[in-house]
Every structure is written in C-alpha cells, then in structure tokens.
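Subject: Handing over the model

Dear colleague,

Here is the structure that I would like to pass on to you. Please look through it first, and then read the notes that follow.

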Amino acid sequence: MKKGFLGITLIIVAALILFGTYVYLYKIKGNDQEIIPDGKDITKEEYIYKEDLLVLGYNVNEINTIESKISDSDVKKYLLSEKYNNLIELLKSPYFKIEHIDRYESYYSKNKDYSFEDIVIYVEIGLDIEFYTNITEITNYDDYDAVVNKYYKLPDNFEAKDLVSIDSKYKKSSYNYRLRKVAAEALYKMIDAALEDNIKLWVVSAYRTESTQKSLFNNSKNSDGLEHALLYSAKPGHSEHQLGLAVDLNMASSKAHFENTKEYAWLKANSYKYGFIERYPKGKEFITGYGFEPWHYRYLGIDLATDVYTDGGTYEEYLVKHSK
Ligand SMILES: [Zn+2]
C-alpha cells in the first residue's frame, strides 16, 4: 500500500510540474504574441525582459513604445530595475538619452511645472547639477563657437589669440580694449550700421585676462557680496570675455537699465546680423547662471548667431537641440 501511495504521489507531482511548465511557457508565448505582433523570431532572453517590463507595471502599448525607441541592450542595462513613471512622456523628446533617465526623473520630481521636453533639455544642459560643480575644461578654445559657462572652463593661464586693439572710434575711454580680430571687425560693422539708424554704441568692456577676471570677481564679491558676484561676474576661466569673443556695450550695470533704451532694442533686433547674440537674456537666468545682462554680446559668426537667434533660446538650449 505504502509503495503504491508513493508511486501515485510521484505521478501527481510530475504531472503538476509538466502542467506548470506548460502554463508558464504558454503565458510567455501569449504575452509575446501581444507584444510582437509580427511574429519575428526572438530569443528566450528577450521574452524574459519583456516579462520583466510587464512585471514592473508597464502595459503592452508602453512596452511597444519602449521597444521601438530603445535598443534591447539599453532596456536591459537601464530599465529593468525599477519602473520610471514618466518614461513614456520623456521618450517623446528628440533629445532624450536613456543613460540620463534617473536624472530626468529626479529633476522632474523637483520641477513639476516644467514640460517633459524642457526637463530633457535642462538636464542635457546640466542644470540638475549645481553651477561650478562637475566642471569640464574645454579644448576647442580657439573656435568661435567655444562654450564657456558655469560648467565649462578654459585651461589655467589661457590667453586668447589674434587679439587686436579696438579702434578709438568705437570707445569713449582711453583704455586699450581688445577682441579677437574677427570679433572686432564684426563689431565695427555692427556699430557703424547702428549709427546709420541713429543708434550710438560703444565698447565698455572686451577681452579680459584671467587675472583681470579674477580681480573683477573679487571686487564684485567685496562690494556687493558673493551672491551678486556669482550672478553678474564669472569666476576666472569661466568668462566669455576671456575668450576674446564677448563685448559689453554702453553701460554694463543692472542699475543703469540699458534694457529700457532704444540702443538695446536695436541690438536685440539686429545684433545677430553681424554675428553677435545677446548671451544672458531676461527670463533665462536659471539656464545661463547669470542675471539679465542686456549689455553683453557674444560673437559666434553670422551663421551661428542667426541660427541661435531664430531658435529663440539661449546658446545652451541651442546646443542641446543641435548637437550631432
Ligand atoms: Zn560681459
């Protein structure tokens, strides 16, 4: 009797195992048919990650979207440990990078009023990381499109090349203002064109050496405090003036309210035609890291300046949207 009982038990157990395997395989196959309607051959490993996405809580449509936009190896690398609540919305951005999914979600949790497209752009700029941290030293400092900001700096002791002195016709003081030759020539054309429209422009700051920038920053800190200095002055190595491609015009002080002048209106409408952009515009302070500086213009060359102007945002936003 005992032996017979054991035999029956074994048969029942074996049958249960077989049935369980059948149900399990059927379930995976069934899900697979839903997810991949074209019935192409896929490996067992792929079955498993789609199962994992289902278990994490993504629905079939979401899994199809993920599959169409992210490679299998990236799904396995980045998406199988937790569910990302805004993944599907974030994926709509053409600038989305899967390796930054954690940063997007974290930045969104602190900035829920931003659109998902802006979340992606801002994280790609690096805005989820505090200014003056995570700094990269640039190597393309001789290029007219080089970026220096609160994340990108010039090498120590950098000096701009092919600097020329600004002609006295374009300044009011006897100070020897300098710019890189190409920027100076573009500036002359701009100031001459403005004058034809009865707009008077003149240089009040141009190229700065690292040590000049250092004393400017320290002076600003000592007279107006660190917060003001950080907002209106760059730390040495981080200033576009040190590139020799930036110029301040007429009145470089927020107290002077240059933004209310016809000179500023003219620059806003025309500077790109000569290769200059308004670099620190109003409303974009959180992106550029600088207060509104209606007097500060950055030379980029006519083509690039026109593209940035047409794009309508800051140079930082433009670079995310147009990086190759
Ligand atoms: Zn400036």
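In which helix is the place of Leu56? Leu56 lies in helix 2 (residues 44-56), where helices are DSSP runs of H or I with at least four residues, strands are DSSP runs of E with at least two, and both are numbered from the N terminus.

Before going further, please note that this is a predicted model, in which local features need pLDDT of at least 70 and side-chain atom pairs count only at pLDDT 80 or more, while totals for chains, interfaces and linings use all residues. Residues are numbered from 1 along each chain as its sequence is written, and side-chain values use heavy atoms, with hydrogens and water left out.

To stay with Leu56 for a moment, this residue is partly exposed, with a relative accessible area of 25%; buried means under 20% relative accessible area, exposed means over 50%, and partly exposed lies in between, for a 1.4 Å probe and protein chains only. Leu56 touches Leu79, Leu80, Ser81, Glu82 and Lys83, not counting residues up to four places away in sequence, a contact being heavy atoms within 4.5 Å. From C-alpha to C-alpha, Leu56 and Lys83 are 5.6 Å apart in space, although 27 residues apart in sequence.

Next, the zinc site. The zinc ion is coordinated at 2.1 Å by His241 (NE2), Asp248 (OD) and His296 (ND1), where donors are N, O and S atoms within 2.8 Å of the metal (3.2 Å for Na, K and Ca), and sites may look incomplete because water is not among the atoms. Along the chain the donors of the zinc ion follow the spacing H-x6-D-x47-H. The pair of His241 and His296 links distant parts of the chain, 55 residues apart, with His241 in the loop between helix 10 (226-232) and strand 6 (246-249) and His296 in strand 8 (residues 296-299). His241 is buried, with a relative accessible area of 3%, and His296 is buried too, with a relative accessible area of 2%.

Strand 8 also belongs to an open sheet of 4 strands, which has the order 5-6-8-7 and antiparallel pairing; two strands pair if DSSP finds at least two bridges between them. The edge strands, each pairing on one side only, are strand 5 (203-205) and strand 7. Strand 6 is joined to strand 8 by 3 bridges, with Tyr297 in strand 8 as the bridge partner of Val247. Strand 7 (residues 276-278) pairs with strand 8 over 3 bridges, and here Ile277 has Arg298 as its bridge partner. Between strand 5 and strand 6 there are 2 bridges, and Asp248 in strand 6 is the bridge partner of Ser205. Both faces of strand 8 are covered, since His296 and Arg298 on one side and Tyr297 and Tyr299 on the other are all buried.

Finally, helix 6 (residues 101-110) and helix 7 (residues 116-125) pack at an angle of about 115°, with their axes 9 Å apart; axes are lines fitted to C-alpha atoms, for helices over the stretch in contact, and angles run from 0 to 180 degrees between N-to-C directions. In this packing, Arg103, Tyr104, Tyr107 and Tyr108 in helix 6 meet residues of helix 7 that include Phe116, Ile119 and Glu124.

With best regards
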